[in-house]
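Hi,

Here is the structure I promised to pass on. Have a look at it first, and then my notes below should be easy to follow.

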Amino acid sequence: MTLDRVLRLVALAAALLLAAPGAAAVRPNVVLVVVDDVAHADVARLDRLQEMMFRTGTELRRFATPDALCGPSRVSILRGQHGHNTGITTNRRVASTVRALGLEASTLATWLADAGYATALFGKYLNAYGRGSDPLARTHVPPGWTEWYGGVPRRGYGFWLNHNGSVVTYPVDGPHPNDVLADLAASFIARHAEQPMFLYVAPGSSHGDAPPAHRHEGAFRDAALPQGPSFNEEDVSDKPAWIRGLVPQPADHPGRLERHRNRLCSMLSVEDLLATVLRALSDQGVLDSTYLIFVSDNGYQYGEHRIRASKATAYDEALLVPAVIRGPGVPAGVAIDHLATNADLAVTIADLAGVAVPSFVDGRSLVPLLRGDRPEPRVAPRDRHRAPRSAAEGRRSVAELLRRAARPVEVRSLSRDRRAGALRPVR
Ligand SMILES: [Ca+2]
């Protein structure tokens, strides 16, 4: 253990004790909530989420998911590696490929379980897990999980979930998946509060058509599409050919409006889930010794840069996701603009737990950032989006990605900027 790490752990322990006198704070609990396809523009409209997380925690405003796609992002979260090092850069057969590559043998779950944590996953594991297109069985439980409630419960009512190796099917007239996940998480907390806990809570309901809980249907019936400065970008002459070939998108497209509104509605049951988890932690007297992290696996575009309804692009709206952490010693209502990525989560959580990480990780601990330190600037991971049609367009895409660090919303390509030549890929 390096001196720097020892000092950081000592400082964090001090912060914990200051924030929660009397609490068993040496090994804090961690709840990681990973939502699906939720963009910055979405969370701005979710009042209870703002109250439960953003006003009580520290926001990472430049939190990037370099592949901007579900599967690669979720593997990066569990492994602490960027997609170009996990080898997972698409959604194709993610679950079985991860297993075949042996990536499940060493994840955030195994690191924490080996250190004595009670670990549990609730909800979406990896794309194609247990689906007909993927040979990985629904009964598969990866190593490292004390309890396992994995599946891909993203179609709303009528879904399946693997309960510790046994598949449970919920009927269409049964509960909404997020309510099931909430109850399972609360039960886990009640049964394991005596030891340090790690909960990976992954409601997938905001993906795709995002069918909300019945009680939330129509709650955002008047919501308009987000229309920031990049919406229907007027001048695309400096963009790659595939962007230049796009026509302006209508702001009142019925299908996109419905998808956006459903996504917001589906997030209301995620708010309910989060409230249930907070209440369960509070009931057990461990809320003050628990870190809660909320993050999306990728962002989403509704017409920004003329892109109709998509992710997996090199633009801010898909790359940068809502990310916030609250817990003992973490300043409330603060926003940080330092670049962070999904590969940092596993390393950060291990750091909070005082657990060593394997040498293969790419991520860095964000604990110094939360403490107020400002580490050296980072270079964004290499862009892999939308296969460029020429080397020149490839450079242009990279330049567009990296320019992001300069402004919240960038509409001008950096491709003709000489400084782009100084940009370089990571590892
Ligand atoms: Ca996603």
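Start at Phe122. Beyond its neighbours within four places in sequence, Phe122 is in contact with Tyr149, Leu181, Leu184, Ala185, Leu199, Tyr200, Val201 and Ala202. Bear in mind that this is a predicted model. Phe122 also turns up in the largest nonpolar core, which has 107 residues; Leu32, Phe122, Ala185, Leu199 and Val201 are the members that touch the most others. By element, helix H10 gives the most to this core, with 10 residues. As a rule, nonpolar side chains in soluble globular proteins tend to be buried together.

Two of those core residues, Leu199 and Val201, point the same way from strand S8, along with Met197. Phe198, Tyr200 and Ala202 point the other way, and the residues on both sides are buried. That fits the usual picture, since side chains in a regular strand alternate between the two faces of the sheet. Counting along S8, 6 of its 6 residues are buried.

Which strands flank S8? Strand S1 (residues 29-35) is joined to S8 by 4 bridges and runs parallel to it, with Val33 opposite Val201. Strand S4 (residues 118-124) is parallel to S8 too, over 6 bridges, and there Leu121 has Tyr200 as its bridge partner.

S1 comes up again around helix H4 (residues 70-79). Is H4 buried or exposed? It is largely enclosed by the rest of the structure, because 10 of its 10 residues are buried. The buried set includes charged-looking names you might not expect on such a list, Arg74 and Arg79, next to Val75, Ile77 and Leu78. The cover over H4's buried residues includes S1, helix H5 (83-86), helix H6 (94-100), helix H7 (108-114) and helix H12 (343-353). Right after H4 comes Gly80, with a positive phi near 70 degrees.

Back to H10 (residues 254-283), this time for its packing against helix H3 (residues 47-54). Their axes come within 9 Å and cross at roughly 35 degrees, and the crossing is left-handed. H3 brings Arg48, Leu49 and Met52 to the contact, while H10 brings Glu271, Leu274, Ala275 and Leu278. By class that makes 5 nonpolar, no polar and 2 charged residues.

There is also a small piece of sheet to look at. It is an open sheet of 3 strands in the order S10-S3-S13, with mixed pairing. Strands S10 (320-321) and S13 (340-341) stand at the edges with a single partner strand each, so one side of each has no neighbour in the sheet. Strand S3 (residues 63-64) pairs with S13 in the parallel sense over 2 bridges, and Ala64 has Thr341 as its bridge partner there.

Last, some backbone angles. Most residues other than glycine have a negative phi. Which residues go against that here? Asn164 is one of them, with a positive phi near 50 degrees; it lies in the loop between strand S6 (159-163) and strand S7 (166-170). Asn232 has a positive phi as well, about 50 degrees, and sits in the loop between S8 (197-202) and helix H9 (241-244). Asn164 counts as partly exposed because it has 14 C-beta neighbours inside 10 Å. Asn232 is partly exposed too, with 17 such neighbours inside 10 Å.

Cheers

Technical notes
Residues numbered from 1 in each chain as written. Predicted model: local features only at pLDDT ≥ 70, side-chain atom pairs only at ≥ 80, totals over all residues. Pairing = 2+ DSSP bridges. Axes fitted to C-alpha atoms, helices over the stretch in contact; angles between N-to-C directions. Left-handed = near helix turned anticlockwise from the far one by under 90°. Contact = placed C-beta atoms within 7 Å. Nonpolar A, V, L, I, M, F, W, Y, C, P; charged D, E, K, R; others polar. Buried ≥ 20, exposed ≤ 12 C-beta atoms within 10 Å, placed from the backbone. Core = buried A, V, L, I, M, F, W, Y, C linked by C-beta atoms within 7 Å.
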